[in-house]
Amino acid sequence: MWYNTTMVHFGNSWDEILSDEFEKEYYLKLRAFLKEEYGSRTIYPDMYHIFHALQATPYEEVRVVILGQDPYHEPGQAHGLCFSVQKGVPAPPSLRNIFRELEAETGITPPSHGCLESWARNGVLLLNTVLTVRAHQANSHRGKGWEVFTDRVIQCLNDREEPMVFILWGNPAKAKASLITSPRHKIITGVHPSPLSAHYGFWDGGYFTGANEFLRQNGMEPVDWRIPE
């Protein structure tokens with residue numbers, strides 16, 4: 001099992017960039033906590049998808065970061081990319097709202113599924129602030145160490161020379177804004193797309209069009225937000 005070794009392997013440039021994290025005290029405590037949790041409870045996503053966001057989008061390929069809160073906590077939903085579900089799983093309400101906003105901004109018709117893998121392969125890092133959760137218990141792994149790890153991810157991205165866009169949805173994501181200090185990058189914030197909060201300021205945020213406008217202005221390829229069936 002992955003928790004029987006101190007190292008995590010992403011299979012790309014994140015391996016070298018984050019290698020020191022896995023020996024740090026906070027991470028060793030987090031790993032021990034996760035070993036107990038996965039051994040005694042139902043935890044999402046499955047342990048082999050925890051780091052899927054970093055495995056799918058190498059450091060040097062990131063053009064946009066979408067930062068969420070913690071994984072979906074109902075069966076079959078979470079697979080390591082924030083807001084995404086695998087094909088065959090009904091799109092949760094938050095994702096349906098994201099698709100609604102995408103269509104309003106860009107005219108892109110939402111797909112019949114909720115898998116955002118194509119975004120991840122197209123330079124969009126789909127990261128949560130906390131990477132695991134107990135079944136049926138939102139925020140149940142908050143404060144266990146994941147925030148320290150994802151802070152480090154954001155800091156590494158902030159240090160990169162090439163500009164990128166950070167889309168921060170919800171208060172846990174917006175709390176990371178203080179880590180994004182380089183004027184090279186653009187920050188776009190909004191409330192969480194959950195139906196419980198979306199009406200407080202998620203709509204008309206210009207997330208997708210704003211990100212692509214910034215990328216074009218900096219001589220970079222815009223993101224293709226279309227999602228193939």
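Which residue of strand 3 does V64 stand opposite? Select V64 and look across: V124 in strand 3 is there. Keep in mind that this is a predicted model.

**Stop 1: the sheet**

Select strand 2, residues 64-68. Strand 2 pairs with strand 3 in the parallel sense, over 5 bridges. In general, the strands of a sheet pair through backbone hydrogen bonds, either parallel or antiparallel.

Now show the whole sheet. It is open, with 4 strands in the order 3-2-5-6 and parallel pairing. Which strands stand at the edges? Select 124-128 for strand 3 and 186-190 for strand 6. Each has a single partner strand, so one side of each is left without a neighbour in the sheet. Turn the view and follow the twist, which averages 15 degrees from one strand to the next.

**Stop 2: the helix across the sheet**

Select residues 146-158, which form helix 6. Helix 6 lies across strand 2, strand 3 and strand 5. Its direction is at about 155 degrees to strand 3.

Next, pick F149. What does F149 contact, leaving aside its neighbours within four places in sequence? The partners are F10, L18, E21, F22, Y26, F51, L54 and L131.

**Stop 3: the core**

Keep F149 selected and add I66, W119 and W225. These four have the most contacts inside the largest nonpolar core. That core has 75 residues. In soluble globular proteins, nonpolar side chains tend to be buried together.

**Stop 4: W169**

Go to strand 5, residues 165-169. W169 is found in this strand. Is W169 buried or exposed? W169 has a relative accessible area of 1%, and buried means under 20%, so W169 is buried.

Show what W169 touches, not counting residues up to four places away in sequence. Among the partners are I66, L67 and G68. G190, V191, H192 and P193 are also touched, as are Y207 and F208.

Then select S140. From W169 to S140 is 29 residues in sequence and 19 Å in space, C-alpha to C-alpha.

**Stop 5: two helices crossing**

Select helix 4 (residues 93-106) and helix 8 (residues 207-217). Two packed helices are described by the angle between their axes and the distance between the axes. Here the axes come within 8 Å and cross at roughly 55 degrees. That makes helix 4 oblique to helix 8.

Zoom in on the contact. Helix 4 brings I98, E101, L102, E105 and T106, while helix 8 brings Y207, F208 and T209. By class, the contact has 4 nonpolar, 2 polar and 2 charged residues.

Key
Residues numbered from 1 in each chain as written. Predicted model: local features only at pLDDT ≥ 70, side-chain atom pairs only at ≥ 80, totals over all residues. Heavy atoms only, no water. Pairing = 2+ DSSP bridges. Axes fitted to C-alpha atoms, helices over the stretch in contact; angles between N-to-C directions. Contact = heavy atoms within 4.5 Å. Core = buried A, V, L, I, M, F, W, Y, C linked by side-chain atoms within 4.5 Å. Buried < 20%, exposed > 50% of the residue type's maximum accessible area, 1.4 Å probe, protein only. Parallel < 35°, antiparallel > 145°, perpendicular 65-115°, else oblique. Nonpolar A, V, L, I, M, F, W, Y, C, P; charged D, E, K, R; others polar.
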